[in-house]
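User: Please take a close look at the nonpolar core of this model and at the helix packing that goes with it. I would like the cut-offs stated along the way.

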Amino acid sequence: MTGSDEKLFDEERAATVEEIIRHRLSAALGGWRGSVETALPTIAFVVAWTITQNVRQSVGSAMVVALLLAMARVAQRQSLQYVFSAVVATAIAAFFALRSGRAQDAFLPGILVNGAYAVATFASVLAKWPFLGFLVGAGDPDAKTDPLRWRRDPSMVAVCGRLTLVMTAMFLLRVLIMYPLYLAGNVAALGTAKIVLGWPLWAGAVAVMGAMLVRGETPHRGLRPPDPR
């Protein structure tokens, strides 16, 4: 029996929907290095701002750190996935800060993005197309031939909806904490909040979702027939 056959065998005999979701999401989490690469440019920005109170020098420090991280990945012939995200996020933050001349504006894009994610993930649950379902569906052995197969399992849609609401709460919490700090212009607190509400909060959300999956006992309801349209 091949590895892929064994995976399919396990899924066919899973007693609950939660077992299948745990299996498919187990390899979807990023490692510690990705979280560090995401946080370091922010740390550099806040440290430079604390010392110089100069927006351009603070932005420059963050960009230098992001580029050094990218160069390290290239030298080691490793994926630029996480560091690329850090570089893009740093560049956008730099544009906002330099455009206005206010250091706190470097954090505005992140606040806006998290607000948009909160609305989008909540809307996806209301529409019964939960965001997390697409991640779970990507791990389906039959995803290449039927990428929306998960949508034809009502129990899968229901569980993914509950898990997606955890993500909605995470995005909303970031906005509720960081937006008042942004209005107050507290750059040091914004930097600390962005780091704490980044990977650590994501890890906490994953832990909550993991607990829901461990305790959940949603039985399979089977797949609905494909939509003839």
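Analyst: What follows describes the core and then one helix pair.

This is a predicted model, in which local features need pLDDT of at least 70 and side-chain atom pairs count only at pLDDT 80 or more, while totals for chains, interfaces and linings use all residues. Residues are numbered from 1 along each chain as its sequence is written, and side-chain values use heavy atoms, with hydrogens and water left out.

The largest nonpolar core has 39 residues, and those with the most contacts inside it are Ile-21, Phe-45, Phe-107, Leu-163 and Met-178. Such a core is a set of buried Ala, Val, Leu, Ile, Met, Phe, Trp, Tyr and Cys residues joined through side-chain atoms within 4.5 Å, where buried means under 20% relative accessible area with a 1.4 Å probe and protein chains only. Two or more residues each come from several helices, including α3 (32-52), α8 (154-184) and α9 (187-196), helices being DSSP runs of H or I with at least four residues, numbered from the N terminus. The largest share, twelve residues, comes from α8.

Leaving aside residues up to four places away in sequence, Phe-45 touches Ser-58, Val-59, Ala-62, Ala-103, Ala-106, Phe-107 and Val-187, contact meaning heavy atoms within 4.5 Å. A second, separate core of five residues includes Ala-66, Leu-69, Ala-70 and Val-87.

As for the helix pair, the axes of α8 and α9 (lines fitted to C-alpha atoms over the stretch in contact, with angles from 0 to 180 degrees between N-to-C directions) come within 9 Å and cross at roughly 165 degrees. The two helices are therefore roughly antiparallel, a label given to angles over 145 degrees. In their contact, Ile-177, Met-178, Leu-181 and Tyr-182 of α8 meet Ala-189, Leu-190, Ala-193 and Lys-194 of α9.

Technical notes
Buried means under 20% relative accessible area, exposed over 50%, partly exposed in between (1.4 Å probe, protein chains only). Angles under 35 degrees count as roughly parallel, over 145 as roughly antiparallel, 65 to 115 as roughly perpendicular and the rest as oblique.
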